[in-house]
Amino acid sequence: QVQLVESGGGLVQAGGSLRLSCAASGRTFTIYNMGWFRQAPGKEREFVAAISWSGGNTYYADSVKGRCTISRDNAKNTMYLQMNSLKPEDTAVYYCAAGPNIPTWYRRFQISDVYDYWGQGTQVTVSS
C-alpha cells in the first residue's frame with residue numbers, strides 16, 4: 001500500500017503558475033505509474049496528466065497540453081505537476097493517484113478506475 005499527500009495548491013491570478021507536489025510513502029514508489037486528476041465543483045473528476053514509473057512516458061489532457069509538465073523524482077518519492085499560464089477554468093481540487101505498472105495502465109491511464117491509491121487533494125483556485 002502507498003500513501004499519497006498532495007501540496008502546492010493555492011490562489012493564483014490568471015496567467016500565473018503553480019507547482020503541485022505529491023509525496024508518496026509506504027511501498028516502493030517506483031513500482032507505480034502515477035497520475036494527476038482534477039475535479040471542479042459540480043463536475044466529474046477528469047484526467048490531467050500521467051507519468052510512467054520511470055518517467056519515460058508522459059501523457060496530458062488536451063486542456064493542459066503545452067501549459068503543464070508532469071515529472072517525478074523517484075529518489076524523493078515525489079511527483080510534480082508544474083502548471084503555467086493558468087486559467088480560471090483550471091480551478092479545481094487536484095488529486096494525485098498511483099496505479100500498477102501493467103499494460104492496462106498504458107492503455108487506460110486517463111481513466112480513474114485504473115488507479116489504486118489516491119491522495120486527499122489540494123485546491124487550486126485561479127482568479128480572473
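A residue counts as buried when its relative accessible area is under 20%. By that criterion, 43% of the 128 residues of the chain are buried. The model on display is a predicted one.

**Whole chain**

Begin with the entire chain in view and align it to its principal axes. Along these axes, the C-alpha atoms occupy a box of roughly 40 × 25 × 25 Å. The radius of gyration of the chain is 14 Å, which agrees with the value near 14 Å for a compact globule of 128 residues.

Next, switch to a cartoon representation. The chain contains 1 helix and 11 strands. Followed from the N terminus, the elements appear in the order β-β-β-β-β-β-β-β-β-α-β-β. If contacts are displayed for residues at least 6 apart in sequence, 61% of them link residues at least 24 apart.

**Strands E3 and E9**

Select residues 18-26, which form strand E3, and residues 92-100, which form strand E9. Show the side chains of Cys22 and Cys96: a disulfide connects them, with an S to S distance of 2.1 Å. Cys22 belongs to strand E3 and Cys96 to strand E9, so the bond ties together parts of the chain that are 74 residues apart in sequence.

Zoom in on the two sulfur atoms and inspect the torsion. About the S-S bond of Cys22 and Cys96 it is about 60°, so this disulfide is right-handed. Then add a surface and look for the two residues. Cys22 is buried, its relative accessible area being 0%; for Cys96 the value is likewise 0%, and this residue is buried too.

**Cys68**

Now select Cys68, which takes part in no disulfide. The nearest cysteine sulfur belongs to Cys96 and is 15 Å away. A disulfide requires two cysteine sulfur atoms within 2.5 Å, and the count for the model therefore comes to 1. With a relative accessible area of 7%, Cys68 is buried because that value falls under the 20% limit.

**Surface and charge**

Finally, return to the whole chain and colour the surface by atom type. About 6,400 Å² is exposed, and carbon and sulfur atoms contribute 45% of that area. Then select the charged side chains: 12 are positive and 9 are negative. The centres of these two sets are 5 Å apart.

Notes
Residues are numbered from 1 along each chain as its sequence is written. This is a predicted model: local features need pLDDT of at least 70, side-chain atom pairs count only at pLDDT 80 or more; totals for chains, interfaces and linings use all residues. Side-chain values use heavy atoms; hydrogens and water are left out. Helices (H or I, at least four residues) and strands (E, at least two) are DSSP runs, numbered from the N terminus. Buried means under 20% relative accessible area, exposed over 50%, partly exposed in between (1.4 Å probe, protein chains only). The radius of gyration is taken over C-alpha atoms; the globule rule is 2.2 Å times the number of residues to the power 0.38. Contact means heavy atoms within 4.5 Å. Accessible areas come from the Shrake-Rupley method with a 1.4 Å probe; for residues, only the protein chains shown count as cover. Lys and Arg count as positive and Asp and Glu as negative; His and the chain ends are not counted. The place of a charge is taken as NZ of Lys, CZ of Arg, CG of Asp or CD of Glu.
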